[in-house]
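Here is a short tour of a protein chain and its ligand, written for someone who likes to check geometry by eye. Keep the viewer open as you read.

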Amino acid sequence: MREKLGEIRRLALESTDAISDLRELENLRIKFLGKKGELTKVLRDMGKLSPDERPIIGGIANDIRKEIEEKIATIKETLVQEAKRAKLEKEKIDITISTNNEKLGHRHPLLSTIDELEDLFMSMGFTVISGPEIETVANNFDALNSPENHPSRDLSDTFYLNEDLVLRTHTSPVQIRAMKEMGAPLRIISAGRTFRFDDVDDTHSPMFHQLEGLVVDENVSMANLIHTLDIFIKELFGKDMKTRYRPHHFPFTEPSAEVDVSCFKCRGEGCQACNYTGWSMELLGCGMVHPQVLENCGIDSEKYTGFAFGMGIDRITMVKYGINDIRLLFENDNRFLEQF
Ligand code: DAH
């Protein structure tokens, strides 16, 4: 019996060495120590032993059981730790991995200009609003004092959708919407697309962009208009830029002016780009809101006055970035766009 127990001990300890997972280990435990296991089987025959031998063999059997149990416990602990480590390894997220492989785009130069213009005017207390590109003929022309026979209403100049709707020819109808919806006082700007029946060349496009501005309040004067636009132009193009207000006619402002700015190239010295005048022509149109336009929108023109201005964003973008062909802004050629 002693030999048998020794054999079981040897076998059990040897087989544990080859174990590589917890299930196998449990099977092994059952095989040697379980109710029907090898060790239990031997102990069942204890009755056949003499009373003297019984406690001795019993002691040996207990020691062997303990030894096997301890070995199994040690191996179990190792296997559990290994499984944990493997799981962690498998679920590891490498937060250092590079995500820069994708090529990111960037703002289109036109949108950058719009952002910049909006930021500038917002810093002066203007609110940014938007208006629809499909506009009523009433808002685009009538409410802005453009009479039935005004040339800009001509079929050859304007994209009509039907008798009552046009692709807006300027952003000025947003003035009408703003005054009707918000009333006085107000201070808004609005940028967006505008459309005219123009042949494409390096400075013309049937679709282009404008920024409209409008201030209505008590005691608003031409001095406020000039001061606001001068600050704006100096902020945008540099403190050394001069402005020049030339009388002009717009149906919805009275008086009206066109604004010239120092030549962007020579900054006023005179060069080929400005025909040696020192001036960049017609950067924007502006004026005091015509009293009739205020009345058209339900604003009391005895109490309130206002000024308005409108500028071409494409033109500003072109002089800002030195772009010499407006078509480049709309062709979406990556070789061009990637330069910005
Ligand atoms: N809407 C005019 C145009 O497209 C530009 C303009 C002129 C806007 C004078 C104004 C303004 O607000 O006061 O030519």
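## Two domains

The domain assignment splits the protein chain into domain 1, residues 2-91, and domain 2, residues 109-337. Taken over C-alpha atoms, the centres of domain 1 and domain 2 are 92 Å apart. Please keep in mind that this is a predicted model, so the 92 Å between the two centres is a value computed from that model.

## The sheet

What is the strand order of the open sheet? Its seven strands follow the order β1-β4-β5-β9-β8-β7-β6, and the pairing is mixed. The edges belong to β1 (127-128) and β6 (243-250); each has a single partner strand, so one side of each is left without a neighbour in the sheet.

Several of the pairings can be followed bridge by bridge. β5 and β9 run antiparallel and are joined by eight bridges; here V216 has G306 in β9 as its bridge partner. On to β8, which pairs with β9 in the antiparallel sense over five bridges, with M288 standing opposite F307 in β9. Towards the β6 edge, seven bridges join β6 to β7, again in an antiparallel arrangement, and P247 finds its bridge partner in A257 of β7.

## Around the ligand

Which residues come nearest to the ligand? There are 15 residues around it, and H170, S172, R196, Q210 and E212 are the ones that come nearest. By class, the shell consists of five nonpolar, eight polar and two charged residues.

Three side chains are worth picking out for their polar contacts with the ligand. R196 places a polar side-chain atom 2.8 Å from a ligand oxygen atom. For Q210, an N or O atom of the side chain is 2.9 Å from an oxygen atom of the ligand. Q175 also has a polar side-chain atom by a ligand oxygen, at 3.0 Å. As for the surface, the ligand taken alone exposes 360 Å², and the protein buries 89% of that. The elements that give two or more residues to the shell are β5 (207-217), β8 (279-289) and β9 (305-312). These names are familiar from the sheet, where β9 pairs with β5 through eight bridges and with β8 through five.

## Aromatic rings

Now for the rings. Searching the whole structure gives 10 aromatic pairs. Ring pairs link F121, F126, F232, F307 and F309 into a cluster. One of these, F307, is the β9 residue that M288 stands opposite.

## Backbone details

Where are the cis peptide bonds described here? One runs from A184 to P185, with omega near 0°, and P185 sits in the loop between α7 (173-182) and β4 (186-195). Another runs from E254 to P255, with omega near -5°. Unlike the loop position of P185, the place of P255 is within a strand, β7 (residues 253-262).

Finally, which phi value does R267 have? Its phi is near 55°, a positive value in a residue other than glycine. R267 is found in the loop that runs between β7 and β8.

Note on methods: Residues numbered from 1 in each chain as written. Predicted model: local features only at pLDDT ≥ 70, side-chain atom pairs only at ≥ 80, totals over all residues. Heavy atoms only, no water. Near = heavy atom within 4 Å. Polar contact = N/O pair within 3.5 Å; in protein donor to acceptor, adjacent residues only side chain to side chain. Areas by Shrake-Rupley, 256 points an atom, 1.4 Å probe, with all protein chains shown as cover. Helix = DSSP H or I, 4+ residues; strand = E, 2+ residues; numbered from the N terminus. Nonpolar A, V, L, I, M, F, W, Y, C, P; charged D, E, K, R; others polar. Pairing = 2+ DSSP bridges. Domains from an automatic or database assignment. Phe/Tyr/Trp six-rings, centres within 6.5 Å; stacked < 30°, edge-to-face > 60°.
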